[in-house]
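This report describes a pocket, an aromatic cluster and two side chains in their surroundings. The sequence and the structure are shown first.

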Amino acid sequence: MATTKNALIRYKTIDKCLQNHFKKWTLDDLIAACSNALYDFEGRNINVSKRTIQLDIQLMRSDKLGYNAPIEVYDKKYYRYAESDYSIKNTPITNADMQVLSETIEMLKQFQDFSLFSELSGLFNKLEDQIHTQKNNKPAIIHLDKNDNLKGLKFLDELYQAILKEVVLIITYKSFKARHPNIIVFHPYLLKEYNNRWFVIGKPHAEDKLLTLALDRILALDYNFKLNYQPKFLDANSYYKNTIGVTVMPETHLKTVVFKIDSKNAPYVITKPFHSSQKLVEKSKKGSVIFSIDVHINYELERLILGFGESIEVLEPNSLRNRIKKKLNKAAKQYATR
């Protein structure tokens, strides 16, 4: 069955709506959401009839597109997924899709020697491996570190499209410290992956500061088509130039950090530097090495240092050295009770 672009937009919009369990969705709500989504993508009003959405729901429930979506009606009025974690995005791709992917990869590989595609060579190999694995029912050859149980990944494509299309978002967000969720009107600019977690960086509406939100703390995502998107050029390389991780601090937190690594672990830090600014300051006859990095003093830096345990010693600045010392002393006390 041929599927038009507008139909796909409607399917994705209905899917997004039914994943949001904080709202009761009537047929009129779904019609309005699909109309807004089509206007955003097409830039013009497209009439979405009641019959069209009813047929879309019927088709999504069926096996014709491979969705078999468990859409149910409750209270004789509202629509929802019977399975709370269901999404059409989780539907496995078909053999026909596999063939198209294989042909596309072969075509793209012809350009991998160009600088534009230089960073994608590993991605091509990973895609080929996934296709080979599913086609032939064999174990994967390439294994990348990932967290399949990480929450929030279902929002990744929507956030990407919102940035691409310059759409203002309404994000229901609950941080680890918050007792209740917050509603944030958000202008998204950048997606960032760090330590197997994804983050979106943007600006809350009517504020000048940038905010970093973890995808696994997002509870729901919606759009505000009435507000004008406030664009901002945000170069990731410049923004994270002095940062380890995702927590970008004010320039007052930029320090030269000097640390010593013992002889056993020095080769690891030489071959995998803490930061691009890392310099070798001194190497002792016994094999220990002193390095320096110019970075913001943030949470991720502390976690990185603490991860090396007794193999590392922070020499400068004293403020960071004392903070690490306190944390290690507190940790040691927990093992002194028995």
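A polar contact is a pair of N or O atoms within 3.5 Å; within protein, one atom must be able to donate a hydrogen and the other to accept it, and residues adjacent in sequence count only if both atoms are side-chain atoms. The model is predicted, so local features need pLDDT of at least 70 and side-chain atom pairs count only at pLDDT 80 or more, whereas totals for chains, interfaces and linings use all residues. Residues are numbered from 1 along each chain as its sequence is written, and side-chain values use heavy atoms, with hydrogens and water left out.

**Two buried polar residues**

Helices (H or I, at least four residues) and strands (E, at least two) are DSSP runs, numbered from the N terminus. Buried means under 20% relative accessible area, exposed over 50% and partly exposed in between (1.4 Å probe, protein chains only). Contact means heavy atoms within 4.5 Å. The table sets out two residues; its contacts do not count residues up to four places away in sequence.

| Residue | Location | Relative accessibility | Contacts |
|---|---|---|---|
| N298 | loop between β10 (289-296) and α9 | 2% | T243, I244, T247 and M249 |
| S311 | loop between α9 and β11 (312-316) | 11% | K260, I261, D262 and N265 |

Both have a polar partner: a polar atom of the N298 side chain lies 3.0 Å from the backbone oxygen of I244, and the side chains of S311 and N265 are joined by a polar contact of 3.0 Å.

**Aromatic pairs**

Rings of Phe, Tyr and Trp (its six-membered ring) pair if their centres lie within 6.5 Å; planes under 30 degrees apart count as stacked, over 60 as edge-to-face and the rest as tilted. The structure holds 9 aromatic pairs. The F259 and F274 pair is stacked, because the ring centres are 4.8 Å apart and the planes are at 10°. F259 belongs to strand β8 (residues 254-261), and F274, 15 residues apart from it, to the loop between α8 and β9 (279-283). Both F259 and F274 are buried. Ring pairs also link F259, F274, F291 and F308 into a cluster.

**The second largest pocket**

A pocket is an open set of points on a 1 Å grid over the protein atoms alone where a 1.4 Å probe fits, with protein on both sides within 12 Å along at least five of seven lines; lining residues have an atom within 4 Å of a point. The second largest pocket holds about 1,300 Å³ of space. Among its 34 lining residues, Y194, G245, V246, Y299 and E300 are the closest to its centre. α9 gives the most to this lining, with 5 residues.

Note on methods
Points joined across faces, edges and corners; volume = space filled by probe spheres on them.
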